[in-house]
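Grab a pencil and work through these short exercises. Try each task yourself before you read its solution.

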Amino acid sequence: LDLTQKSNLSKYTSVYNLSEIINNDIIPENDYIGIVQDEVTSSMQGIEDILEKLAKHYKFIILLIEDNDRETYDYFIDKAISVNFVVDDTDNSVNKLKPLTDNLVLSNTAIQVMNMYTDLTPIELCDMYGLDVTRCKIINIPRMNEIRRASREGRDPALNDDVKVAFQNLL
């Protein structure tokens with residue numbers, strides 16, 4: 001469920017608007033679907049209702065939010081089973097994400113750090129973002145060329161073996 005207002009999901013798969021899912025009793029059941037927020041006015045409770053509806057049909061639901069969407073982050077952070085941060089070592093990324101990650105303490109919630117483009121050790125990466133390395137799973141994203149190629153060519157990630165291998169540890 002992409003709440004970023006600049007979704008690229010349509011490059012990979014069929015995409016449904018959030019309003020289509022909200023107003024429909026039938027949920028599309030594919031291996032992988034994308035849902036984009038088409039109504040910026042959706043309330044937190046409305047989004048939570050959609051997540052509950054989707055949870056009846058899908059084992060894994062990923063909620064994508066902007067790095068500056070503090071309201072959504074704060075609302076859902078304690079409800080999450082896992083929180084994933086896609087990071088690199090650029091000042092821009094650190095400055096945007098560190099307010100969300102610095103001294104983050106969550107009980108019964110996995111913290112996964114998807115490491116892109118860096119050669120930092122797990123300790124260096126966690127120190128950079130203010131995370132406790134003993135509470136984080138660091139996932140180095142391999143095969144970036146294959147992932148980018150799949151994106152450019154509009155291939156469904158659920159059907160692409162090279163992309164599947166890159167993300168096999170995420171779930």
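**Exercise 1. Work out which residues of α5 are exposed and which are buried.**

Start with the outward side: I123 and D127 are exposed there. Exposed stands for over 50% relative accessible area, buried for under 20%, and partly exposed for anything in between (1.4 Å probe, protein chains only).

Before going on, a word on what you're looking at. This is a predicted model, where local features need pLDDT of at least 70, side-chain atom pairs count only at pLDDT 80 or more, and totals for chains, interfaces and linings use all residues. Residues are numbered from 1 along each chain as its sequence is written, and side-chain values use heavy atoms, with hydrogens and water left out.

Next, the buried residues of α5: they are L125, C126 and Y129. They sit on the same side of α5 because they cover an arc of only 95 degrees around the axis (the arc is that of the directions from the helix axis to the C-beta atoms). Here's the rule behind this: an α-helix has 3.6 residues a turn, so residues three or four places apart point the same way.

Last step: what do those buried residues pack against? Their partners are β3, α4 (91-101), β4 and β5. Contact here means heavy atoms within 4.5 Å. Helices (H or I, at least four residues) and strands (E, at least two) are DSSP runs, numbered from the N terminus.

**Exercise 2. Describe the sheet and how α5 lies on it.**

First, get the strand order: three strands form an open sheet, β3-β4-β5, with parallel pairing. Two strands pair if DSSP finds at least two bridges between them. At the edges are β3 (82-87) and β5 (136-140), each pairing on one side only. From one strand to the next, the twist averages 20 degrees.

Now add the helix. α5 (residues 122-129) packs on the sheet and touches β3, β4 and β5, and its direction makes about 115 degrees with that of β5. Axes are lines fitted to C-alpha atoms, for helices over the stretch in contact, and angles run from 0 to 180 degrees between N-to-C directions.

Then zoom in on one pair of strands: β3 and β4 (residues 110-115) are joined in the parallel sense by six bridges. In that pairing, V86 stands opposite M114 in β4.

**Exercise 3. Explain why C126 and C136 aren't bonded.**

Check the distance first. The sulfur of C126 has its closest cysteine sulfur in C136, 4.1 Å away, and that's too far for a bond. A disulfide needs a pair of cysteine sulfur atoms within 2.5 Å. In fact, a search of the whole structure turns up zero disulfides.

Then look at accessibility: C126 counts as buried at 1%, and C136 is buried too, at 15%.

**Exercise 4. Find the aromatic pair and classify it.**

The structure holds one such pair. The ring centres of Y75 and F76 are 4.9 Å apart and their planes lie at 80 degrees, so the pair is edge-to-face. For Phe, Tyr and Trp (its six-membered ring), rings pair if their centres lie within 6.5 Å; planes under 30 degrees apart count as stacked, over 60 as edge-to-face and the rest as tilted.

To finish, compare the surroundings: Y75 is partly exposed at 26% relative accessibility, whereas F76 is buried at 9%.
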